[in-house]
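User: I'm new to this model and would like a close look at one small part of it. Could you walk me through it in plain words?

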Amino acid sequence: MPRPKRPRCISSRPMAEGFCPSGIRETGETILTLEEFEAVRLIDYEGFDQSGVAEVMNVSRQTVGRILKSARFKIAEALVTAKRLTVQG
């Protein structure tokens with residue numbers, strides 16, 4: 001039986017629900033979860049380190065690393081393959 005997920009703190013919803021490529025037909029959709037969005041916002045935009053984000057989101061530092069890796073892959077995939085990036089959760 002898997003371990004239950006700890007509740008993760010998200011400070012607020014993003015201002016935009018998603019982004020789509022301009023000037024080219026989109027090739028699909030990539031979905032970014034709210035926790036992935038929050039990790040990217042705190043680390044890449046606000047300048048927190050992973051330990052600080054772990055405290056804010058109420059998870060372990062290793063979990064923040066996994067969430068961030070997944071988020072960055074999804075963002076890169078959307079940019080490289082001209083997919084719509086949707087934030088939901």
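Leaving out residues up to four places away in sequence, which residues does Val-64 touch?

Analyst: Val-64 touches Ile-43, Gln-50, Val-53, Ala-54 and Val-59, once residues up to four places away in sequence are set aside. Touching, or contact, here means heavy atoms within 4.5 Å.

A word on the model before going on. It's a predicted one, where local features need pLDDT of at least 70 and side-chain atom pairs count only at pLDDT 80 or more, while totals for chains, interfaces and linings use all residues. Residues are numbered from 1 along each chain as its sequence is written, and side-chain values use heavy atoms, leaving out hydrogens and water.

Now the setting. The protein chain has three helices and three strands (DSSP runs numbered from the N terminus: H or I with at least four residues for helices, E with at least two for strands). Going along the sequence, they come in the order β-β-α-α-α-β. Of the chain's 89 residues, 30% are buried, that is, under 20% relative accessible area with a 1.4 Å probe and protein chains only; over 50% is exposed, and in between is partly exposed.

Val-64 is one of the residues with the most contacts inside the largest nonpolar core, alongside Leu-32, Ile-43, Val-53 and Met-57. That core has 17 residues; such a core is a set of buried Ala, Val, Leu, Ile, Met, Phe, Trp, Tyr and Cys residues joined through side-chain atoms within 4.5 Å. Helix 1, helix 2 (50-57), helix 3 and strand 3 (84-88) each put in at least two of its residues.

Let's take the neighbours helix by helix, beginning with helix 2. Its buried residues are Gly-52, Val-53, Ala-54 and Met-57, and these pack against helix 1 and helix 3. The axes of helix 2 and helix 3 come within 8 Å and cross at roughly 100°, with axes being lines fitted to C-alpha atoms over the stretch in contact, and angles running from 0 to 180 degrees between N-to-C directions. The two helices are therefore roughly perpendicular to each other (65 to 115 degrees; under 35 is roughly parallel, over 145 roughly antiparallel, the rest oblique). On the helix 2 side, Gln-50, Ser-51, Val-53, Ala-54 and Met-57 take part, meeting Arg-61, Val-64, Gly-65, Ile-67 and Leu-68 in helix 3. Those contact residues split into six nonpolar, three polar and one charged. Here Ala, Val, Leu, Ile, Met, Phe, Trp, Tyr, Cys and Pro count as nonpolar, Asp, Glu, Lys and Arg as charged, and the others, Gly among them, as polar.

Right after helix 2 comes Asn-58, with a positive phi near 65°, even though Asn-58 isn't a glycine. You'll find Asn-58 in the loop between helix 2 and helix 3, and at 32% relative accessibility this residue counts as partly exposed.

Then there's helix 1 (residues 34-45), which packs with helix 3 (residues 61-80) at an angle of about 95°, their axes 9 Å apart. That makes helix 1 roughly perpendicular to helix 3 as well. Val-64 turns up here too: helix 3 brings Val-64, Ile-67, Leu-68, Ser-70, Ala-71, Arg-72, Lys-74 and Ile-75 to meet Glu-35, Glu-36, Ala-39, Val-40, Ile-43 and Asp-44 of helix 1. This contact is made up of eight nonpolar, one polar and five charged residues.

So, back to your residue: Val-64 takes part in the contact of helix 3 with helix 2 and in the contact with helix 1.
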